[in-house]
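Here's a relaxed walk through this model, with the odd spots of the backbone up front and the ligand site after that. Keep the 3D view open as you read.

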Amino acid sequence: MREEEMDMTVSLLSESFAESMMMATSYVKLLEFLVKNYLIERREMMPHNATLLGVYRENGEEGFELAGTVELTFDRKGANANPPTPTPPKNSPYICNMAVRKPLRRRGIGWHLLKAGEELITKMSSSREVHLHCRMIDEGPFNMYTKAGYSVVKTDSILTLLTLQRRRHLMRKELHVSEDASELDIPNDQFTKLADVYK
Ligand SMILES: CC(C)(COP(=O)(O)OP(=O)(O)OC[C@H]1O[C@@H](n2cnc3c(N)ncnc32)[C@H](O)[C@@H]1OP(=O)(O)O)[C@@H](O)C(=O)NCCC(=O)NCCS
C-alpha cells in the first residue's frame, strides 16, 4: 500500500470491520477515522511490516478496482503492541486484516492475497512459522486458512464472551519456500521488486 492508496484501503477495511461487528453503516465514518490512524502508525513500522493490496480488473476493461487487502508483520519490531488473544509468539511473522470487498468474494482473491503474503514473508523473514487469528464464528475464513494448511494452536477461553468479544482461534503454519511461484499466477520478478521496496 502506497501512501496515496491509504484512503481507499481505509474504506475497504472499515466496511469489512463494520460488517463483521454487525455495526450500522452510520459508524463507518468513525471506523474510518480509527482505521486511518492505525494504518498511519503501522506504516511507520515499515519495513518490519507491510500492507498488500489486491486489485481486480474485468476482462477487456482498462482500469481496475481495489479488491482486497492483507497486513503482514515480518518480525518483532513490526509486531502490534497489543495483539489479540490468544497471544501469538512475538518473533513470529503474523498475518491480519485480511478483507476482500463483498461483491468480489469467492473468486480466489483472498486466496491469492494469502499466498502473496506468505511468499513475501518467506522473502522478508528468516522465520518459517506464521501465525494468524480467526474468529470461531467466521466459517469462510476458517475454511480458507485450513485449506491453505493452517491449524489451530490455541482457542480463546469461553470467558472471552464476558468481555463482549468473539472467541478466536490462533492458527499457525510452517511455510515452505516455493521454488515455483507460478501457482500464484504472479511472476517471480514482481515479488523480488516488492521485497526490494521494503528493504
Ligand atoms: C475471508 C475472505 C477474505 C475470503 O476472500 P475470498 O476472496 O472470498 O476467498 P476465496 O474466493 O479466495 O476463497 C478461498 C477459499 O476459502 C474458502 N472460503 C472463502 N469464503 C468462504 C465462504 N463464504 N464459505 C465457505 N468457504 C469459504 C473456500 O475454501 C475457498 O476455496 P473455494 O472457493 O475453492 O471453495 C472474505 O470472505 C472476507 O473479506 N471476509 C470478511 C472479512 C474477514 O472475515 N476476514 C478474515 C479475518 S480472519
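Let's begin in the loop between β2 (65-73) and β3, where you'll find Pro 86. Keep in mind that this is a predicted model. The peptide bond between Thr 85 and Pro 86 is cis, with omega at about -15 degrees. Is Pro 86 buried or exposed? Its relative accessible area is 7%, and the cut-off for buried is under 20%, so Pro 86 counts as buried. Pro 86 also pairs up in space with a residue from far along the sequence: Lys 154 is 68 residues away, yet the two C-alpha atoms are 6.5 Å apart.

There's another cis bond to look at, joining Met 46 and Pro 47, and here omega is about 10 degrees. Pro 47 belongs to the loop between α2 (28-43) and β1 (49-56). Why bother pointing these bonds out? Because most peptide bonds are trans.

Now zoom out for a moment. The chain has 199 residues, and 40% of them count as buried. Its secondary structure adds up to five helices and six strands. Reading from the N terminus, the order is α-α-β-β-β-α-β-α-β-β-α.

**Two unusual phi angles**

Most residues other than glycine have a negative phi. Which residues go the other way here? Asn 97 has a positive phi, near 50 degrees, and Leu 164 has one near 65 degrees.

Their settings are worth a look too. Asn 97 lies in strand β3, while Leu 164 sits in the loop between β5 (151-155) and β6 (168-174). With a relative accessible area of 21%, Asn 97 falls in the partly exposed class. Leu 164 is at 80%, so it counts as exposed, given that exposed means over 50%. Asn 97 has a distant partner in sequence as well: Thr 51 is 46 residues away along the chain, and their C-alpha atoms are separated by 9.0 Å.

Over in helix α3 you'll find Glu 119. Is this charged residue buried or exposed? Its relative accessibility is 9%, so Glu 119 counts as buried. The C-alpha atom of Glu 119 is 8.7 Å from that of Leu 175, which is 56 residues away along the chain.

**The ligand site**

Where does the ligand sit? In the largest pocket. Elements that give two or more residues to the shell around it are β3 (94-100), α3 (109-124) and α4 (139-147). So the strand that holds Asn 97 and the helix that holds Glu 119 both turn up in this part of the story. Which element gives the most? That's α4, with six residues.

There are 18 residues around the ligand, and the ones that come nearest are Met 98, Val 100, Arg 106, Gly 110 and Lys 147. Sorted by class, the shell has eight nonpolar, six polar and four charged residues.

Here are some of the N and O distances between protein and ligand:

| Residue | Protein atom | Ligand atom | Distance |
|---|---|---|---|
| Gly 108 | backbone N or O | oxygen | 2.9 Å |
| Asn 143 | polar side-chain atom | nitrogen | 3.1 Å |
| Gly 140 | backbone N or O | nitrogen | 3.5 Å |

How much of the ligand does the protein cover? On its own the ligand has 910 Å² of accessible area, and the protein covers 74% of that.

If you're going back to the viewer, try Asn 143 for a side-chain atom that reaches a ligand nitrogen at 3.1 Å, then Gly 108 for a backbone atom at 2.9 Å from a ligand oxygen. After that, swing round to Pro 86 for the cis bond with Thr 85.

Definitions and conventions: Residues numbered from 1 in each chain as written. Predicted model: local features only at pLDDT ≥ 70, side-chain atom pairs only at ≥ 80, totals over all residues. Heavy atoms only, no water. Near = heavy atom within 4 Å. Polar contact = N/O pair within 3.5 Å; in protein donor to acceptor, adjacent residues only side chain to side chain. Areas by Shrake-Rupley, 256 points an atom, 1.4 Å probe, with all protein chains shown as cover. 1 Å grid on protein atoms, 1.4 Å probe; cavity = no way out; pocket = protein on both sides within 12 Å on 5 of 7 lines; lining within 4 Å. Sits in = over half its atoms within 2 Å of the grid points. Helix = DSSP H or I, 4+ residues; strand = E, 2+ residues; numbered from the N terminus. Nonpolar A, V, L, I, M, F, W, Y, C, P; charged D, E, K, R; others polar. Buried < 20%, exposed > 50% of the residue type's maximum accessible area, 1.4 Å probe, protein only.
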